[in-house]
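Please look through the sequence and the 3D structure shown here, and then follow the paragraphs below, which start from the ligand and its surroundings.

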Amino acid sequence: MSAPAAVIRGLGGALPERVVTNHHLSALMDTSDEWIRRRTGIAERRHSSETETTSALATVAAQRALASAGADSAGLLMVATSTPDKVCPATAPKVAANLGLRGVAAYDVSAVCSGFVYALATASWAISSGSVDSALVIGADTFTRLLDPTDRATSVIFGDGAGAAYLTAGKAEEPGTILASTLHSDGTGEELIQVPRRAGAFFEMQGKEVFSQAVSAMSDSVQTVLARAGWTANDVDSLIAHQANVRILKTVASVTGIPGSKAEIHLDKVGNTSAASIPLAMTNAGTKGHRNPGDKVVLTAFGGGTTWGAIAMTWPSMSVIDPH
Ligand code: UT7
């Protein structure tokens, strides 16, 4: 018998209530709506309140992914996050308990903006190995709590949110199947994106260097999964890349030969939501009717670590709730 395929059955997203526009930020620091839109493509983002914790947002996204799939349990639960509620324990067991899933295997995956791709790939390996028959993969981050409010280079980019995918074992020809994945890291770049362990430390990013590494790492990993899936760039219906900067998304499309019009853009509404960015962009694509079951989709991310990777999959058959 062939190994089971990992098939996405549902997607969900959750966003904090508070919308922070470029105009809000222009009143607080030396920036402008024009600069932020032109250099990043972002128009607004969401900032979490005290009660909109990473676990709270993750729980709502997971509930919506379960509802989208018509499911009520999972054999494995991962929360990709670099902004856990507490340094320890992990956020995932709390989210599992919130969902009524006491006893389930639950742990966090820390790969910053690549976290969802890391967690989705490893969940698909767990399903394909026959170890579990279903998994909830959640990406959730609340980085705005760690930003220096006077640092215009980071404050204009990041927003908070959560997104989730629910997978079960199935057959490779089913829409929603994970067909290929590739994951990588290079710890020599650990200082490019970091929150140092010292009192009062803020999030720090060397934006220009991250920009160029993100383009080459994501382009390489997209090409790897295209080859593994047996697809050409022209076969791709949608490129859902980590939503950091619209210029990065367009450049990755151009380097890999995927038409720029196939790059899914969601950062205009939410900014860079780190591990939540890809599942939120997927959920948005699902609610806006951008995709059809069976469409060929490539996910790719780059983030702190440094870490990066990509996944080739077909678009699932499901309906999703709009998180906006
Ligand atoms: O999520 C993990 C992955 N993260 C990323 O992929 C982020 C990658 N990096 C980027 O997206 C971009 O590097 C940024 C959006 C962070 C910055 O854009 P940039 O085009 O690389 O700008 P820059 O840092 O080269 O700055 C250009 C100019 C500078 O002024 P001078 O020195 O030319 O006078 C900056 O001081 O723009 C200035 N600047 C700003 N001006 C208005 C930087 N930030 C701002 C701002 N508003 N918010």
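**The ligand and its surroundings**

In this predicted model, the ligand sits in the second largest pocket. The shell around the ligand has 22 residues, and those that come nearest are Thr31, Arg39, Arg152, Lys208 and Asn272. Sorted by class, this shell is made up of 11 nonpolar, 6 polar and 5 charged residues.

Which helices each supply at least two residues of the shell around the ligand? They are α2, which spans 33–40, α7, which spans 207–229, and α8, which spans 246–256. The largest share of the shell comes from α7, with 4 residues.

Turning to individual atoms, the side chain of lysine 208 places a polar atom 2.6 Å from an oxygen atom of the ligand, while an N or O atom in the side chain of asparagine 272 is 2.7 Å from an oxygen atom of the ligand. At glycine 207 the backbone takes part, with one of its polar atoms lying 3.0 Å from a nitrogen atom of the ligand. The ligand taken alone exposes 950 Å², and the protein buries 73% of that area.

A database record adds one further piece of description. In an unreviewed UniProt entry, residues 107–187 carry the annotation "domain: Beta-ketoacyl-[acyl-carrier-protein] synthase III N-terminal". In the model, the span of residues 107–187 is 22% helix and 36% strand, and its end C-alpha atoms lie 22 Å apart.

Note on methods
Residues numbered from 1 in each chain as written. Predicted model: local features only at pLDDT ≥ 70, side-chain atom pairs only at ≥ 80, totals over all residues. Heavy atoms only, no water. Near = heavy atom within 4 Å. Polar contact = N/O pair within 3.5 Å; in protein donor to acceptor, adjacent residues only side chain to side chain. Areas by Shrake-Rupley, 256 points an atom, 1.4 Å probe, with all protein chains shown as cover. 1 Å grid on protein atoms, 1.4 Å probe; cavity = no way out; pocket = protein on both sides within 12 Å on 5 of 7 lines; lining within 4 Å. Sits in = over half its atoms within 2 Å of the grid points. Nonpolar A, V, L, I, M, F, W, Y, C, P; charged D, E, K, R; others polar. UniProt positions renumbered as here; feature names shortened; annotations may be inferred.
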